[in-house]
Amino acid sequence: MPIHVKTPITIVDFRVMSWKIYSFISSLSIENDKVFKNVVKSLWVNILNRGPDCMDYFESTVIVVDDDGNTKPYWRKDVFPDYKQNRKQKPDLLGTISSIGLEYVTNPKNLIHYISYPGFEADDLAGALVLCKRLYENTKYNRHIYLYTVDSDWMQLVSNGVMWINSGPWEPRIRSTQETIKWTKKRLKRDIQAPSEIVQIKSEQGDNSDNLPPNCDPGLIDLVNPLYKTYHFELLWNRIKRAYLDPHPSNQIHHLEKAKQYLTSKGIGVNI
């Protein structure tokens, strides 16, 4: 089915971008609190409106997806209580950077969609948006999706019209089906025909980063068909559909240019 909605969707992994800014800002020496906040905000504005720095600028419906394991524990803990128990405590600075980002992305004056829901992770929300694409694939609402993250768990979502864009420096940064198949061969030591097969491989091998043991339930890893279905949560599913069906660009070039000017005035490069 041809693409009818010309404006693609860029799904941005909020916590991954928080770490990206954290790594960048940690190399700078900024003593003034106001300047620090303005620099961090400008970096957020740059990332969210610029899009992937490995691609030419393009208009896009930007959808920021975020974890919420604080309001309610992640649903995976209901199934496997030790889920992510091996994670270290996050630095306070990371929380500050995330808070500044949230101030910008949730401002009603901005057009960017922000989706977070108690007990769900950004991975689940990205999976739900890709599911939405598949449900509308044979309709006039079919459109391209770019997954902007460093999280390899999202690579299972790559398919026709869905590309994984690495927010880190590791090549190839733009990965379609063939690049994902090659990555699976190299990293997971398995031959696959489609990226969706990564789910079964990770289920068999386990996932040390999430503290999931070998031979765990595939429903803990599958982002399109997880044990907890996003469409069973009416409020969440309606937000997913509303964001997916919004055909309008939400990245704003004037926000981007203003952020670039501010960072340049402080002697800070903006290629992040």
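Two residues are in contact here when they have heavy atoms within 4.5 Å of each other. Keep that in mind for the exercises below, which explore a predicted model.

**Exercise 1. Find what Gln205 touches, and where Gln205 lies.**

Step 1. Begin with the place: Gln205 is in helix H7.

Step 2. Set aside the neighbours within four places in sequence; Gln205 is then in contact with Leu188, Arg190 and Pro214.

Step 3. Next, judge the exposure. The relative accessible area of Gln205 is 37%. Buried means under 20% and exposed means over 50%, so Gln205 counts as partly exposed.

Step 4. Finally, look across to Lys189. Gln205 and Lys189 are 16 residues apart in sequence, and their C-alpha atoms are 11 Å apart in space.

**Exercise 2. Compare the settings of Lys189 and Lys84, starting from the backbone.**

Step 1. Recall the general rule: most residues other than glycine have a negative phi.

Step 2. Check the angles. Phi of Lys189 is near 60 degrees, a positive value. Phi of Lys84 is also positive, near 60 degrees.

Step 3. Locate each residue. Lys189 sits in the loop between helix H6 (177-187) and helix H7 (198-205), while Lys84 belongs to the loop between helix H3 (76-79) and H4.

Step 4. Decide whether each is buried or exposed. Lys189 has 64% relative accessibility, so Lys189 counts as exposed. Lys84 has a relative accessible area of 18%, so Lys84 is buried.

**Exercise 3. Locate a cis peptide bond.**

Step 1. Start from what is usual: most peptide bonds are trans.

Step 2. Now go to the bond from Glu171 to Pro172, which is cis, with omega near -10 degrees.

Step 3. Place Pro172 in the chain: Pro172 lies in the loop between strand S5 (162-166) and strand S6 (174-175).

**Exercise 4. Describe the surroundings of Thr180.**

Step 1. Find Thr180 in helix H6.

Step 2. Read the exposure: Thr180 has a relative accessible area of 0%, so Thr180 is buried.

Step 3. List the partners. Leaving out residues up to four places away in sequence, Thr180 touches Met155, Val158, Arg175, Pro195 and Ile198.

**Exercise 5. Work out how helix H1 is built and what it packs against.**

Step 1. Take the length. Helix H1 covers residues 14-25, twelve residues in all. From first C-alpha to last it reaches 16 Å, close to the 16 Å expected at 1.5 Å a residue.

Step 2. Pick out the buried residues of H1: Phe14, Val16, Met17, Ser18, Lys20, Ile21 and Ile25.

Step 3. Bring in a general point: an α-helix has 3.6 residues a turn, so residues three or four places apart point the same way.

Step 4. Name the elements that the buried residues of H1 pack against: strands S1 (9-13), S2 (61-65) and S4 (145-149), together with helices H2 (33-50) and H4 (92-105).

**Exercise 6. Step back and judge the fold as a whole.**

Step 1. Count the elements: the protein chain has nine helices and six strands.

Step 2. Test for compactness. A compact globule of 272 residues would have a radius of gyration near 19 Å, and the 18 Å of the protein chain agrees with this.

Step 3. Consider burial and contacts. Of the 272 residues, 51% count as buried. Among contacts with a separation of 6 or more, 72% involve residues 24 or more positions apart.

Step 4. End with charge: there are 35 positive and 31 negative side chains, and the centres of the two sets lie 4 Å apart.

How values were computed: Residues are numbered from 1 along each chain as its sequence is written. This is a predicted model: local features need pLDDT of at least 70, side-chain atom pairs count only at pLDDT 80 or more; totals for chains, interfaces and linings use all residues. Side-chain values use heavy atoms; hydrogens and water are left out. Helices (H or I, at least four residues) and strands (E, at least two) are DSSP runs, numbered from the N terminus. The radius of gyration is taken over C-alpha atoms; the globule rule is 2.2 Å times the number of residues to the power 0.38. Buried means under 20% relative accessible area, exposed over 50%, partly exposed in between (1.4 Å probe, protein chains only). Lys and Arg count as positive and Asp and Glu as negative; His and the chain ends are not counted. The place of a charge is taken as NZ of Lys, CZ of Arg, CG of Asp or CD of Glu. The expected span of a helix is 1.5 Å times one less than its number of residues.
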